[in-house]
Amino acid sequence: MIFDFYICCARILEVWVLRVVGFVGPSGTGKSHRATWVARERGIEFIIDDGLLIRGNRVLAGVSAKKERTKVGSIKRALFVDSGHAEEVKKAIDTYKPEAILILGTSDGMVETIAKRLGLPEVSEKVYIHEVADEFEIKQALATRREQGKHVIPVPTFEIKKDF
């Protein structure tokens with residue numbers, strides 16, 4: 001009797017579950033300033049803000065919307081309209097395989113659009129600025145933006161400047 005032996009190769013599939021949380025509030029209300037705290041409270045290490053993928057105090061990928069010369073350009077950059085920009089951030093996300101990402105945006109639609117453009121799962125939770133800041137803090141942030149033109153990104157200044 002002749003026996004044929006077959007060796008079957010089983011490929012182990014890597015299962016990667018990614019939780020996406022949106023942090024939503026109007027421009028200038030202090031989202032970027034509070035992003036690190038909101039992320040930490042939810043066990044999130046990675047943040048997407050203004051076109052950047054951030055982990056801790058380091059920019060991992062992306063291009064800051066602050067580099068754009070026009071408001072429309074900044075919005076397009078933050079929304080990852082440029083496919084090369086989106087691919088760079090997608091590749092970094094795939095490399096790091098985070099358990100969760102916090103996406104900052106000015107509206108529900110904005111955080112949903114960013115998630116979709118980056119090929120991420122649907123936003124499973126949304127945190128609104130008024131849930132983590134009181135009216136006085138929000139007004140103070142708006143006044144600072146209006147009067148001083150300051151904008152905070154949750155990384156040290158040198159991380160952004162080295163990109164310019």
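Phenylalanine 46 stands opposite isoleucine 101 in strand E5. This pairing, taken from a predicted model, offers a starting point for a walk through the chain. Phenylalanine 46 belongs to strand E2, which covers residues 46-49, while E5 covers residues 100-105. The two strands run parallel and are joined by three bridges.

Strand E2 also has a partner in strand E3, residues 52-55. Here the sense is antiparallel, and the pairing extends over four bridges. One of the residues involved is aspartate 49, whose bridge partner in E3 is leucine 52. E2 and E3 form a hairpin with two residues between the strands. In this hairpin, aspartate 50 takes a positive phi near 50°.

The surroundings of E2 can be read from its side chains. In a regular strand, side chains alternate between the two faces of the sheet. In E2, Phe46 and Ile48 lie on one side, and Ile47 and Asp49 lie on the other. All four of these residues are buried, and both faces of the strand are thus covered. For phenylalanine 46, the relative accessible area is 4%; because buried means under 20%, this residue counts as buried.

Phenylalanine 46 also takes part in an aromatic pair. A search of the whole structure finds one such pair. It is formed by phenylalanine 46 and tyrosine 96, with 6.0 Å from centre to centre and 55° between the planes, and it is classed as tilted. Tyrosine 96 lies in helix H3 (residues 83-96) and phenylalanine 46 in strand E2, so the pair ties together parts that are 50 residues apart in sequence. Unlike phenylalanine 46, which is buried, tyrosine 96 is partly exposed, with a relative accessible area of 36%.

The hairpin leads on to another part of the chain, the loop between strand E4 (58-62) and helix H2 (71-78), where alanine 65 is found. Alanine 65 has a relative accessible area of 1% and is therefore buried. Leaving aside neighbours within four places in sequence, alanine 65 is in contact with Asp50, Ser74, Arg77 and Ala78. Among these, Asp50 is the hairpin residue with the positive phi. The C-alpha atoms of alanine 65 and aspartate 49 are separated by 8.9 Å, although the two residues are 16 residues apart along the chain.

Further along the sequence is helix H6, made up of residues 135-148. With 14 residues at 1.5 Å a residue, the helix should span 20 Å; its end C-alpha atoms are 20 Å apart, which agrees. At the N-terminal end, aspartate 134 caps H6, with a side-chain oxygen 3.2 Å from the backbone nitrogen of phenylalanine 136. Within the helix, Ile138, Ala141 and Ala143 are buried. An α-helix has 3.6 residues a turn, so residues three or four places apart point the same way. The cover over the buried residues of H6 includes helix H5 (129-132).

These parts may now be placed in the whole chain. The chain has seven helices and six strands, and their order along the sequence is β-α-β-β-β-α-α-β-α-β-α-α-α. Of its 164 residues, 41% count as buried. Among contacts in the chain with a separation of 6 or more, 72% come from residues 24 or more positions apart. The accessible surface comes to about 10500 Å², and carbon and sulfur atoms account for 53% of this surface.

Key. Residues are numbered from 1 along each chain as its sequence is written. This is a predicted model: local features need pLDDT of at least 70, side-chain atom pairs count only at pLDDT 80 or more; totals for chains, interfaces and linings use all residues. Side-chain values use heavy atoms; hydrogens and water are left out. Buried means under 20% relative accessible area, exposed over 50%, partly exposed in between (1.4 Å probe, protein chains only). Two strands pair if DSSP finds at least two bridges between them. The expected span of a helix is 1.5 Å times one less than its number of residues. Contact means heavy atoms within 4.5 Å. A polar contact is a pair of N or O atoms within 3.5 Å; within protein, one must be able to donate a hydrogen and the other to accept it, and residues adjacent in sequence count only if both atoms are side-chain atoms. Rings of Phe, Tyr and Trp (its six-membered ring) pair if their centres lie within 6.5 Å; planes under 30 degrees apart count as stacked, over 60 as edge-to-face and the rest as tilted. Accessible areas come from the Shrake-Rupley method with a 1.4 Å probe; for residues, only the protein chains shown count as cover.
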